[in-house]
Amino acid sequence: MKIQAIRGVKDILPDEIKKWHWVENKAYQIFSRYGFKEIRPPIFEKTKLFSRGLGETTDIVEKEMYTFEDRGGEKITLRPEGTASVVRAFIEHKMFASQTVHKFYYLGPMFRYERPQAGRFRQFYQIGVEAMGTHDPSIDAEVMIMLMDFFNSLSLNQFELQINSLGCDKCRPQYREALQQSIINHLPDLCDNCNKRYKKNPLRVLDCKVKLDMEITLSLPKITDHICGECKNHFEKVNTFLRETEIPYSIDPRLVRGLDYYTHTAFEITSSKLGAQNAICGGGRYNTLVEQFDGPSTPCFGFALGLERLISLIPFENIKDIDKNPDVFVISLGEKAKSGTFNLVHRLRSAGLSVERDYDGSSMKSQMRKANKSESRFALIIGENEINSGKYQLKNMQNGTQSNVTADSCVEEIISLTSNQVIEL
Ligand code: HAM
């Protein structure tokens with residue numbers, strides 16, 4: 001019986017994972033420049049963390065969570081996103097006690113039972129960032145600027161940043177009411193889904209992807225015309241900071257997010273190159289979530305980006321430093337040389353070199369072909385004569401030149417050649 005992977009999940013094979021490592025390393029470098037530190041919450045949590053945290057009427061909680069009872073009868077959910085877990089950990093470990101701004105990033109798999117299609121998976125990876133403990137609008141801008149730095153480091157340039165303000169607990173209820181009233185006038189023309197959800201969650205109607213509905217939503221009241229003075233002020237400051245750094249962006253008054261915890265600034269980054277699932281990244285401010293879980297008042301701002309989508313957009317063909325090829329390929333000819341080089345390979349690796357070798361005792365031609373294919377910088381050629389004389393042949397695979405190295409000094413010699421980036425022998 002052939003067992004295949006579950007629909008909507010995929011294996012990331014070695015040729016692909018090297019791109020992931022490269023992107024992940026860039027993220028670590030850039031995020032740490034901005035003072036973010038890694039946090040690794042577990043990938044499953046008590047179900048109520050997500051149902052209460054993300055909003056009972058969100059698509060994720062209503063129909064997309066992988067929820068099950070464990071053997072002890074506890075209701076468990078595979079995390080559909082990372083923010084709720086970071087908030088839980090923040091409260092559980094009393095990190096608020098230090099009274100500073102806490103800046104976290106995380107990376108890992110998320111799980112949503114969505115209909116799989118290009119760019120949409122049931123297990124997908126996110127890199128997320130959460131800045132916790134300040135309402136200062138400059139951090140909203142700073143986090144978006146960090147994201148732009150990160151995208152620049154990946155040579156990514158075809159994307160759009162849209163921002164909006166979603167108001168706060170004080171002004172959103174009035175907007176919700178005004179929006180609902182206006183939607184009622186358009187119900188016969190709106191899709192079934194919008195007809196269902198406008199009562200419980202009218203803001204989601206603004207997010208509908210049906211073409212006619214999208215046209216109708218243009219005439220609905222705009223949230224930016226309804227937010228209170230405090231929210232307006234916050235949003236204006238975020239805009240001023242973004243303009244100062246000349247980051248291209250636009251304000252989209254219809255931008256709402258699929259999770260209920262957002263307040264004030266919300267943003268999304270999309271790319272037309274992605275097709276229907278065009279969101280690379282989404283996030284915003286969530287000032288009340290920590291309190292909702294009985295923590296102290298802690299305003300927060302964060303985002304998460306989908307790694308599969310991000311990686312599919314990077315022009316890897318123009319990126320040079322992605323492959324780590326072997327420094328040396330050890331070619332051993334004959335049984336005596338093969339066993340005689342076993343410890344040498346170990347010494348080369350222990351000295352920090354990346355070494356590949358042949359396992360099959362194949363011919364010189366075949367081993368040279370393998371060395372070429374591995375794109376290693378040098379081939380160390382050792383046959384029975386070389387073992388007896390203690391002198392090995394070292395071939396520079398880039399220019400074909402060959403020289404002798406002695407058995408005693410070959411580790412040091414190869415190290416100095418590779419660490420000085422010397423190509424000529
Ligand atoms: P989200 O918008 O639900 O936000 O997800 C963020 C990103 O995850 C999306 O923009 C998309 O790139 C990727 N993504 C979501 N679902 C899928 C899927 N089924 N397959 C592939 N990629 C997907 C959040 O998760 C929030 N926790 C972000 C946040 C952090 N807000 C504040 N802090």
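Gln 126 reaches the ligand through its side chain, where an N or O atom is 3.0 Å from a ligand oxygen atom. The protein buries 95% of the 660 Å² that the ligand exposes when taken alone. This is a predicted model.

**Polar contacts to the ligand**
- Glu 114 places a side-chain N or O atom 2.7 Å from a nitrogen atom of the ligand.
- Thr 83 also faces a ligand nitrogen atom, with a side-chain N or O atom at 2.9 Å.

**The shell around the ligand**
- The ligand has 25 residues around it.
- Those that come nearest are Glu 81, Glu 114, Glu 130, Arg 257 and Tyr 262.
- By class, the shell holds eleven nonpolar, seven polar and seven charged residues.

**Where the shell residues come from**
- Three elements each give two or more residues to the shell: β6 (123-132), β10 (279-285) and β11 (300-306).
- Strand β10 supplies the largest share, with five residues.

**Lys 26**
- Lys 26 sits in helix α1, which spans residues 14-33.
- Is Lys 26 buried or exposed? Its relative accessible area is 17%, so Lys 26 counts as buried, the cut-off being under 20%.
- Leaving aside residues up to four places away in sequence, Lys 26 touches Phe 150, Ser 153, Leu 154 and Asp 321.

How values were computed
Residues numbered from 1 in each chain as written. Predicted model: local features only at pLDDT ≥ 70, side-chain atom pairs only at ≥ 80, totals over all residues. Heavy atoms only, no water. Near = heavy atom within 4 Å. Polar contact = N/O pair within 3.5 Å; in protein donor to acceptor, adjacent residues only side chain to side chain. Areas by Shrake-Rupley, 256 points an atom, 1.4 Å probe, with all protein chains shown as cover. Helix = DSSP H or I, 4+ residues; strand = E, 2+ residues; numbered from the N terminus. Nonpolar A, V, L, I, M, F, W, Y, C, P; charged D, E, K, R; others polar. Buried < 20%, exposed > 50% of the residue type's maximum accessible area, 1.4 Å probe, protein only. Contact = heavy atoms within 4.5 Å.
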